[in-house]
Amino acid sequence: VQLQASGGGAVQAGGSLRLSCAASGRTFGSYVMGWFRQAPGKEREFVAAIKWSNIYYADSVKGRFTISRDNAENTVYLQMNSLKPEDTAVYYCAAKSGPADTDYGSYGYWGQGTLVTVSS
């Protein structure tokens, strides 16, 4: 599986962005798709994951971010609303087989990352 993330940019606090992650591979629908982020000087952290209709969010983004997928287009999205300066990070999409997981170490496929900058 090859992943290509896009959609990052600079936005003011309270604004919105939608990230996209296009995936190759015929078995896209069977993979867990996740979003992670890494802020400068911090560890990579889980943001959201989706497998079939099962969806998981980090507490810090619940109610503000929405993950979705279009299996026909082999694409997963992350709609980010009410953005805060602490959401500033490089966002990565990732894929794994098996059950959904919040541990980035369990994901075997990664996109290149897209930078989100939220100013106050």
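Here are some worked exercises on the predicted model shown above.

A word on conventions before we start. The model is predicted, so local features need pLDDT of at least 70 and side-chain atom pairs count only at pLDDT 80 or more, while totals for chains, interfaces and linings use all residues. Residues are numbered from 1 along each chain as its sequence is written, and side-chain values use heavy atoms, with hydrogens and water left out.

**Exercise 1. Describe the fold and the overall dimensions of the protein.**

Step 1. Start with secondary structure, taken as DSSP runs numbered from the N terminus (helices are H or I with at least four residues, strands are E with at least two). The protein has 0 helices and 11 strands.

Step 2. Turn to the dimensions. The C-alpha trace spans about 40 × 25 × 25 Å along its principal axes. The radius of gyration, taken over C-alpha atoms, is compared with a globule rule of 2.2 Å times the number of residues to the power 0.38. For 120 residues a compact globule would have a value near 14 Å, and the 13 Å of the protein agrees with that.

Step 3. Look at the surface, using the Shrake-Rupley method with a 1.4 Å probe. About 6,100 Å² is exposed, and carbon and sulfur atoms supply 46% of this area.

Step 4. Check burial. Buried means under 20% relative accessible area, exposed over 50%, and partly exposed in between (1.4 Å probe, protein chains only). Of the 120 residues, 43% count as buried.

Step 5. Finish with contacts, meaning heavy atoms within 4.5 Å. Among contacts between residues at least 6 apart in sequence, 57% join residues at least 24 apart.

**Exercise 2. Find the residues that touch the most other members of the largest nonpolar core.**

Step 1. Set the rule: a nonpolar core is a set of buried Ala, Val, Leu, Ile, Met, Phe, Trp, Tyr and Cys residues joined through side-chain atoms within 4.5 Å.

Step 2. Apply it. The largest such core has 35 residues, and M33, W35, V47, F65, L78, M80 and Y91 touch the most other members. Strands that each supply at least two residues of this core include strand 1 (3-6), strand 5 (45-51), strand 7 (65-70), strand 8 (75-80) and strand 11 (114-119).

Step 3. Zoom in on Y91. Not counting residues up to four places away in sequence, Y91 touches several residues, among them W35, V47, F65, L78 and M80.

**Exercise 3. Characterise the aromatic pairs and the charges over rings.**

Step 1. Recall that a pair of aromatic rings is described by the distance of the centres and the angle of the planes. Rings of Phe, Tyr and Trp (its six-membered ring) pair if their centres lie within 6.5 Å; planes under 30 degrees apart count as stacked, over 60 as edge-to-face and the rest as tilted. The whole structure holds 6 aromatic pairs.

Step 2. Take Y31 and Y109. Their ring centres are 5.9 Å apart with planes at 90 degrees, so this pair is edge-to-face. Y31 belongs to the loop between strand 3 (17-23) and strand 4 (32-38) and Y109 to strand 10 (residues 109-110), so the pair ties together parts 78 residues apart in sequence. Y31 is buried at 13% relative accessible area, whereas Y109 is partly exposed at 32%.

Step 3. Take F36 and Y107. With centres 5.0 Å apart and planes at 75 degrees, this pair is edge-to-face. F36 sits in strand 4 and Y107 in the loop between strand 9 (89-96) and strand 10, so parts 71 residues apart in sequence are tied together. Both F36 and Y107 are buried.

Step 4. Join the rings up: ring pairs link F36, F46, Y92, Y107 and W110 into a cluster.

Step 5. Add the charges. A charge sits over a ring if NZ of Lys or CZ of Arg is within 6 Å of the ring centre and within 35 degrees of the ring normal. R44 lies over the face of W110, 4.7 Å from the ring centre, and the charged end of K96 is over the ring of Y107, 5.9 Å from its centre.

**Exercise 4. Examine the backbone at N74 and S82.**

Step 1. Most residues other than glycine have a negative phi.

Step 2. N74 is not a glycine, yet has a positive phi of about 50 degrees. N74 lies in the loop between strand 7 and strand 8 and is buried, at 18% relative accessible area.

Step 3. S82 also has a positive phi of about 50 degrees without being a glycine. S82 lies in the loop between strand 8 and strand 9 and is partly exposed, at 41%.
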